[in-house]
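Me: I have just opened this structure and would like a guided tour. Could you take me through it step by step?

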Amino acid sequence: MKTAPPTLMPNIPAQNSPTRPTNTRGADDYLHDVIDAMEGRRSFDRPRETVLPPLDRRGFLKLGGGAGLGLVLAFWLGSRSNAEAATTPKTSSDFSPNVFLRVAPDGRITILSKGPEIGQGIKTAFPLIVAEELDARWEDVVVEQAPVNPAVFGRQSAGGSRSIPASWDQLRQAGAAARAMLVAAAAQSWGVTPDACSTEEGTVHHRASGRSARYGELAETAATLPVPDAATLRLKSKTEYKLIGRRFTGVDNHAIVTGGPLFGIDQRLPGLLYAAYVKCPAIGGRVVSANVDDLRRLPGVKDAFVLEGTGRAVEFFSGVAVVATSTWAAFQAARQARVEWDTAAASRDSWTEIAARAREAAASPEGPETITAQGDTSAALAAAGGNSVEAFYTYPFVSHAPLEPQNCTAWAHDGRLEFWAPSQAPDRAFELVAGALGVAEKDVVIHQTRVGGGFGRRLMNDYMCEAGAIAQRVDAPVQLVWTREQDMAGDFFRVAGFHALRAATDATGRLVAWQNHFVTFSADGRRPVSGGNMPEHEFPAGLVPNVRVTQTLLPLDTPCGPWRAPRSNSIAWVVQSFLHEVSVAAGRDHLEFLLEIMGEPRRVPGGIDTARAAAVIRLAADKAGWGRKLPEGRGLGLAFHFSHAGHFAEVAEVSVDAARKLTVHRVVVAGDVGPIVNLSGAENQCEGAVVDAFSTMLGLEITMEGGRIQQSNFHDYPILRLPHHPVVETHFIQSDHPPTGIGEPALPPLAPAVTNAIFTACGHRVRTLPLVREGFTV
């Protein structure tokens, strides 16, 4: 398996349609659109419906044939609505294929990967699915990154763990169609029926005669044959898989470990200049005056100027641009900027005030808005008498802090504005950039680079707007790079939250009532900020007879956005921790208590399949040795969460000493996301999720005063260090359910598993994150 530069695939321009409207929507609307699209609001609870409709014969287009080209199949995986894609007849004139599979005469098989690679492994997983059904040798497969062109490729964004479920069936059909054509070519050459032939590792065999031929030898003949109807294709059964479910190295791994040019920050162009951009410390402030003449005289500086900005967080704020011959010169000059700021329209958010107002609001058992109301919770709590539990939980704002800071290379030339950007949503940038910078969308060109960490931050393309605005003033390509301090100050943060909870059990210790007053934040006064909402069917709704969840919205100017496993990353901790409080108060074993809540196998509103949930809970507990006796100061904690259509349970084994020094010895992860495509990639995702969640839970916290973010770098935003990395053991139930994504659902159960284990180990109940707030260290 290897990567290669573009070869003989169809010539697809990196250019968008010029027909989209100008972006005039509000920043908050844009953010909600982004997260809605990433989370698939209408599909998360129904993962099967995220799958695109099956391909029919008209869904394929045979492009290849002739000397040297081999077999080229094109088909559609795209953003057209399911209904449209399923019902609109395709003709040769309106069919715009966006996935291409080529079998060359030399046996090389090339597959375009259309989406951004942000570390989730899609660039390896997509070709694996095709190669499995094609019955190809993995070492014959080459992956090429597709250009950014939504008119051709449809949705080209990464988020919400949706790439695999959205494309699974069609990728399999594409591989199976190509295999059928190669078999037909062999059968025609040998004068036998296709049924008499078989395939294995890129070769067609006719066992009766002993003849065989490699795919490359058959490619040109196959290209002369009709494309089979999808209804006639036989897809492999799970027992026939030779590639899917095994471990494969990521296709970019060699370039990553050898420093090969992959990421946005690696981009180089002839004559490239480098830019820094100084913005107001109070989010949203604008420049009144600046010493740009002084800056222009500094070493290496080519120019300095003020940009007014659009005043929208998703586009760009006012600031001072410094353009220089190196990143170092630009950064050094930017530090010399003396700017008078107008902060009249800037954020004045104060964490101290936010926390006080939230606690005051949460003092009431209910908020003004009802999210969920099932049964009679008040009556059930009253009837429970002494069998009720109350608690107040809170968690902070956090930053994404990707390893690769925000950056973008832009070049205004020949009437076009051209970008090289590490973006999770390059397809959305056309409209945004064009609207913010006053150019026609047809004149915007975007190139896709690998992304050095996203976690939701790079769903926003504000750094592209900044780079484009600077490039419009410079007669050369310009690379804008943010410092770590700018990245942390200019994030779209994971929103904080506050929960006042009550629950009750009956005389047998069964959970009968659940009440949650959720205090969250709003930018527009109408709805929660991105990632700050509570779904109507959030666990344990639908599984407990009496549930009441209400909400209070507090105003917030600090930009917030999706952060890995949006909202689940915090709600899971609150819900699963409080459930443990209730089971302890009722004198119940927590494993037994959780399984009792799941009850009979069924699917409940919200998407939880209780049989799958119970299975992963049992698996995690079994592998972790639940119930075994541990030394004093050591404990096990169990938690479950369903998100992004994935069922995950985790057990953490921790020890706590008298000084609250915490050691997480081992984390056992059990998940069910259907069949695993690349076992190595899936394990990697789970291990990364555990470490990310542990790091965030332990010490990460963003605070603000006067609209200014108070943390600036890793000295006061302490990412977990290697010596404290726990052993992570991952187990999958490779069920026959349709596959769903794995980039996010393994993260939410970690925090409650650890804090439940802390309680078991030392009797301290953690109700405030990060853990350092309650005196814990590692």
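Reply: The conversation below goes from the whole chain to its sheet, its cores and a few single residues.

Me: Before we start, what kind of model is this?

Reply: It is a predicted model, in which local features need pLDDT of at least 70 and side-chain atom pairs count only at pLDDT 80 or more, while totals for chains, interfaces and linings use all residues. Residues are numbered from 1 along each chain as its sequence is written, and side-chain values use heavy atoms, with hydrogens and water left out.

Me: How many helices and strands are there in the protein chain?

Reply: The protein chain has 19 helices and 29 strands. These are DSSP runs numbered from the N terminus, with helices (H or I) of at least four residues and strands (E) of at least two.

Me: And what share of the residues is buried?

Reply: Of the 778 residues in the protein chain, 62% are buried. Buried means under 20% relative accessible area, exposed over 50%, and partly exposed in between, with a 1.4 Å probe and protein chains only.

Me: Now a sheet. In what order do strands 7, 8 and 9 lie?

Reply: The three strands form an open sheet in the order 7-8-9, with antiparallel pairing. Strands pair if DSSP finds at least two bridges between them. Strand 7 (198-200) and strand 9 (211-214) are at the edges with a single partner strand each, so one side of each has no neighbour in the sheet. From one strand to the next, the twist averages 25 degrees.

Me: How many bridges join strand 8 to strand 9?

Reply: Four bridges join strand 8 (residues 203-206) to strand 9. In one of them, T203 has R214 of strand 9 as its bridge partner.

Me: Which helix packs on the sheet at about 45 degrees to strand 8?

Reply: That is helix 5 (residues 163-190), which touches strand 7, strand 8 and strand 9. Helix 6 (residues 215-222) also packs on the sheet and touches strand 7, strand 8 and strand 9, its direction making about 80 degrees with that of strand 9. Such angles run from 0 to 180 degrees between N-to-C directions, and axes are lines fitted to C-alpha atoms, for helices over the stretch in contact.

Me: Changing topic, which residues have the most contacts inside the largest nonpolar core?

Reply: They are F397, F419, I470, V654 and L662, in a core of 156 residues. Helix 18 (residues 679-699) gives the most to this core, with 10 residues. A nonpolar core is a set of buried Ala, Val, Leu, Ile, Met, Phe, Trp, Tyr and Cys residues joined through side-chain atoms within 4.5 Å. A second, separate core of 44 residues includes I111, F126, V204 and A213.

Me: Is E133 buried or exposed?

Reply: E133 counts as buried because its relative accessibility is 1%. E133 lies in helix 3 (residues 122-134), and its side chain makes a polar contact with the side chain of R172 (3.1 Å). A polar contact is a pair of N or O atoms within 3.5 Å; within protein, one must be able to donate a hydrogen and the other to accept it, and residues adjacent in sequence count only if both atoms are side-chain atoms.

Me: Last one: where is S735 found?

Reply: S735 is in the loop between strand 29 (727-732) and helix 19 (750-762). The side chain of S735 makes a polar contact with the side chain of D672 (2.8 Å).

Conventions: Contact = heavy atoms within 4.5 Å.
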